[in-house]
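Here is my note on the model, set out as numbered points. Please read it alongside the sequence and the coordinates.

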Amino acid sequence: MPELPEVETVRRGLLPVMEGKLIKLTAVNRPDLRWPLPDRMAERLTDVRVTALRRRSKYILADLSTGETLIIHLGMSGRILISGHQVGDFHHDHPAPEKHDHVVFDMEDGARVTFNDARRFGHMDLTTTKDLEDHWLIKPLGPEPLGNAFNEDYLTDRLRGRNTPIKTALLDQHIIAGLGNIYVCEVLHRAGISPKRKAGQVSKTRVAQMVPIIRDVLREAIQAGGSSLRDYRQTDGELGYFQHTFRVYDQEGQPCKTHGCDGTISRIVQSGRSSFYCAQCQR
Ligand SMILES: [Zn+2]
């Protein structure tokens, strides 16, 4: 499942193809993804210019010349493919349409952006740009972990008195937007905090230490995603899924990578999700 760094990587990959460019034609091949798609979606996305391509949490936001914003969520298995776009020495011809190509954007310069989603947990919606912050998907979101509103005072305040495990609290999108299971496991390992510890019982000092760790973990992953963008043109034009080595995620039974720790990574299940951690150095 794509998390914030993967979505940011997709956005960056789309920038040269979509931002400032005219969408000449949009094809919408089914009435719904996870939820019903907006009325007259194809029409509202034809002959419009993308004035900016932004990201909020795990949503890609395309601001349009019509005063609307297209909200794109990749869900569990959503993929975005670019074809027909000349970048450097690489050129992907338009591939034959595939079964799960649900929405296809044809850009003015011949590039094609295809949204393919086999499981259809993804979603797209259109809203007026000025009302975006009140959109039901956007309104409940906490601050961006890489933005200024997220800082140690804010996090200390939100965790105070909470009886839920710190792992669950960090996954709560009302507290921080865009952090998912993989990167929360990595953050807690780097911070030396057990995923089982109650959120309200993490000391102020350790909460303060966690803020830059959250930013570092995400920035490093975004950087790894950036490297993958340089490679994708040589493969099949698909954006956003890259090989990334995790210190604890999916490393059950492996030796702990913390310097000087001889522990082993274990897996437990919390709120239905796997937590990977080292019981020796995460307290
Ligand atoms: Zn350890």
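In which sense do strand 2 and strand 3 pair, and over how many bridges? The pairing of strand 2 with strand 3 is antiparallel and runs over six bridges; the points below begin from there, and they concern a predicted model.

1. The hairpin of strand 2 and strand 3. Strand 2 covers residues 48–56 and strand 3 covers residues 59–64, and the two form a hairpin with two residues between them. In that turn Ser57 has a positive phi of about 55 degrees. As a register mark for anyone checking the pairing, Leu53 in this ladder stands opposite Ala62 in strand 3.

2. Arg54. This residue belongs to strand 2, and it is classed as partly exposed because 13 other C-beta atoms lie within 10 Å, where 20 or more would be needed for a buried residue and 12 or fewer for an exposed one. When neighbours within four places in sequence are left aside, Arg54 is in contact with Leu61 and Asp63. Pro16 is 38 residues from Arg54 in sequence, and the two C-alpha atoms are 13 Å apart in space.

3. Strand 3 and strand 4. On to strand 4 (residues 68–73), the pairing with strand 3 is again described by antiparallel bridges, five of them. Leu61, already named as a contact of Arg54, stands opposite Ile71 in strand 4. This hairpin has three residues between its strands, and Gly67 takes a positive phi near 85 degrees.

4. The sheet as a whole. These strands belong to an open sheet of eight strands, in the order 5-9-8-1-2-3-4-10, with antiparallel pairing. Its edges are strand 5 (79–83) and strand 10 (123–128), each of which pairs on one side only. From one strand to the next the twist averages 30 degrees. Within the sheet, strand 1 (residues 22–28) is joined to strand 8 (residues 101–107) by five bridges in the antiparallel sense, and Ile23 stands opposite Met107 there.

5. Helix 1 against the sheet. Helix 1 lies across strand 2, strand 3, strand 5, strand 8 and strand 9 (112–116), and it runs at about 160 degrees to strand 2. The helix has 15 residues and reaches 20 Å from its first C-alpha to its last, which is close to the 21 Å expected at 1.5 Å a residue. It is mostly covered, with 12 of its 15 residues buried; among them are Leu4, Val7, Val10, Leu14 and Val17, but also the charged residues Glu6, Glu8 and Arg11. Gly20, which follows the helix, has a positive phi near 80 degrees.

6. The annotated active site. The unreviewed UniProt entry places the annotation "active site" on Pro2, Glu3, Lys58 and Arg273. Pro2 lies in the segment before helix 1, as does Glu3. Pro2 is buried because 22 other C-beta atoms lie within 10 Å, whereas Glu3, with 18 such neighbours, counts as partly exposed. Not counting residues up to four places away in sequence, Glu3 touches Lys58, Gly180, Ile182 and Tyr183, so that one annotated residue is in contact with another by the criterion of C-beta atoms within 7 Å.

7. Helix 5. Two of the contacts of Glu3, Ile182 and Tyr183, are listed among the buried residues of helix 5. Helix 5 (residues 181–191) is largely enclosed by the rest of the structure, because nine of its 11 residues are buried. Just after this helix, Gly192 takes a positive phi of about 70 degrees.

8. The C-terminal hairpin. Strand 11 (residues 265–270) and strand 12 (residues 273–278) run antiparallel and are joined by six bridges, with Ser266 opposite Tyr277. Two residues lie between the strands of this hairpin, and Ser271 in the turn has a positive phi of about 45 degrees. The unreviewed UniProt entry annotates residues 247–283 as "domain: FPG-type"; over that range the chain is 0% helix and 32% strand, and the end C-alpha atoms are 17 Å apart.

9. Domain division. The protein is divided into domain 1 (4–134) and domain 2 (152–278). The centres of the two domains, taken over C-alpha atoms, are separated by 28 Å.

Notes: Residues numbered from 1 in each chain as written. Predicted model: local features only at pLDDT ≥ 70, side-chain atom pairs only at ≥ 80, totals over all residues. Pairing = 2+ DSSP bridges. Helix = DSSP H or I, 4+ residues; strand = E, 2+ residues; numbered from the N terminus. UniProt positions renumbered as here; feature names shortened; annotations may be inferred. Domains from an automatic or database assignment. Expected span 1.5 Å × (residues − 1). Axes fitted to C-alpha atoms, helices over the stretch in contact; angles between N-to-C directions.
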